[in-house]
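Q: Please take one part of this model and go through it slowly, strand by strand if that suits it, before adding whatever can be said with similar care about parts elsewhere.

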Amino acid sequence: MSTGTSTVELTHVGKRYGRTRALADVDIAFDRGVTGLLGPNGAGKTTLLRIVATSIGADSGEVRLLGRDPHRSHADVTAVRRELGYLPQELGYPSDMTAFGFIEYIAVLKEWNDRGPRSQEVRRVLDAVGLADQASVRINRLSGGQRRRVGLAQALLGEPRLVVLDEPTTGLDPAQRADLRRTLSALGHRSTVLLSTHQTEDVAALCERVVVLADGTVRFDGAVTDLVATAVGHVWLADEPGDDALVSWRTGTGRHHVVGGRRPVGADPAEPTLEDAYLLMLGPDAQRVHTPS
Amino acid sequence: MTTGTQGWHADPALLSSYLAGDLDAVNGASVEQHVSRCASCRAAVGPLLEPQLLEQTWTGIRDAVERPALPFAVRLARRCGLSEPTAVLLASAASLRGAWLVGAFLSLSFATLAAYASGGTALAPFLLAAPLAPVLGVAAAYGPRQDPLEALIATAPYGRTRLILLRTVGVLVSVLPVTVLLGLAVPGPPWLSAAWLGPALALVPVLLALAGFVGPRTAAAIVSLVWAGVVLASTRALTPTWPVEAAQQGVYLGLAVAACAVIAIRAGTDRQPGLAL
């Protein structure tokens, strides 16, 4: 899929951890806009994002970020990092730092050396995530959701061209997730934003493009509406759970939402959701990731 | 000045003179007193001020409130010319904060006291503690596998290797002068007060080179055990000053050079973070 002009281009990229295959021959490119990565645990989402964030290297294949090969030289990887915003899946926060102190520290690591503009930028990103009034609060006194937003704020420093967010919505309540969607949506107009999540509704609400990963390979890559379309004719509302359904669960109306398998007797076709399509795409792995709500 | 049913209010001309500092002391103080109590006049002052000046003042206030205070050692370094961004980075290193420095100082003081009390026959505590103080300080400041921000440091343009070297220099600058001063109190030949610098300056690069392979904690444990072995072995069959005598200093120099070479070679291939340090 290499076009030579994309912000992120991965060509035949593979990565192993010992005997475990994390990514296998992944061929994909990303451009401006928000792309959501979906997949069960161990699918390779975090590995892919860490490679794009220059946190780890690929074992095989070619990686080009912002037109550069980060493996070529120290200057190349540094140039990429200057235009990168990264929120890792697990980020520890020094408990004795304030929100302002933490972001300022990262800003210095991102070479914001001039104190005045640096302070302004720190306040801008704190404001962007709704934490302007918590700037002088110690991080250990912030809630889990607020800490996650502090983490997100540092990824927005300098309006980077490439933003990599590994499960940014973890720990956020619905209102905070709505705020985050607004922030990322605005960011997607000027930057390439890659995010992984377990929340299909976040992808449906935010991403114009979705990539489904499983077992280190790309199972689907396309528009959200195209993924949903793959589930048409495979989702029903039935009085009984389907015998050979991929997954089914009892809804609030008392009927069963049946995904996959043969149409149950007396079932009515249902409008598929992104989650239905995602579960169908995973096939047998769907039962491992689906938690009935 | 204007008066009305709500009482006296300063007119715009008077307020402008007040803001420009053109009023004499009595009138100035009078207007100031009034403005501090009168919401209407306070509201009238706002539009007369330059927005840029207001913004500058407010930013200064926010900076004072929101910006965390720097540790004492880093503030001292700032006064000696350390750049502001570097001070922000050093302030995050735990071993440059008060508690750790006080701990290191106390350990070294006890070791010095023991050597002093023995009249120079028991140099082992000092020779053990002096080189290990910077080693443990660097290990504490290093933080690659313990640093909660590791993933961000690793992908920041500043670079982890550079950050660790900066923290190392910070620790050395904080610990070494105190240790040199304490060394002057240790009884024995005059060269002894500086001789421990040889192993100290060798063990730090050895620690950094080892940490690139096994992490700072394991590296600090290995370096500490080896150095303790050398010092304790010398107390059994050799002279008390054997670990820091001239012949051994050559070995330390060789170790330092080898360790720096390992770091340099790995740094040259540091396309992925954490390879060199």
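A: What follows looks closely at a sheet, and then turns to a helix and to a single residue.

The model is predicted, so that local features need pLDDT of at least 70 and side-chain atom pairs count only at pLDDT 80 or more, while totals for chains, interfaces and linings use all residues. Residues are numbered from 1 along each chain as its sequence is written, chains are lettered from A and ligands numbered from 1 in the order written, and side-chain values use heavy atoms, without hydrogens and water.

In chain A, four strands form an open sheet in the order E11-E12-E10-E13, with antiparallel pairing (strands pair if DSSP finds at least two bridges between them). Strand E11 (247–250) and E13 of chain A stand at the edges of this sheet, and each has a single partner strand, so one side of each is left without a neighbour in the sheet. These elements, like the helices below, are DSSP runs numbered from the N terminus, with at least two residues for a strand (E) and at least four for a helix (H or I).

Strand E10(A), residues 235–238, pairs in the antiparallel sense with E12(A), residues 256–259, and four bridges join the two strands. Within that pairing A:Trp236 stands opposite A:Val258, while A:Leu237 has A:His257 as its bridge partner in E12(A). Strand E10(A) is also joined to E13(A), residues 268–269, by two bridges, and these strands run antiparallel as well. Here the bridge partner of A:Leu237 is A:Asp268, so A:Leu237 can be followed across the sheet, because in the order E11-E12-E10-E13 strand E10 lies between E12 and E13.

Turning to chain B, helix H13(B) covers residues 216–237, which makes 22 residues, and reaches 32 Å from its first C-alpha to its last, close to the 32 Å expected at 1.5 Å a residue (the expected span being 1.5 Å times one less than the number of residues). Its buried residues, with buried meaning under 20% relative accessible area, exposed over 50% and partly exposed in between (1.4 Å probe, protein chains only), are B:Pro216, B:Ala219, B:Ala220, B:Val223, B:Ser224, B:Trp227, B:Ala228, B:Val231 and B:Ser234. They cover an arc of only 155° around the axis, taken from the directions from the helix axis to the C-beta atoms, which puts them on the same side of H13(B). On the face of H13(B) turned away from that buried side are the exposed residues B:Arg217, B:Leu225, B:Val226, B:Arg236 and B:Ala237.

A single residue of chain B, B:Arg42, can be described by its place in the chain and in space. B:Arg42 belongs to helix H3(B), which runs over residues 39–48, and has a relative accessible area of 43%, so that B:Arg42 counts as partly exposed. In sequence B:Arg42 is 27 residues apart from B:Leu15, whereas in space the two are 9.7 Å apart, C-alpha to C-alpha.
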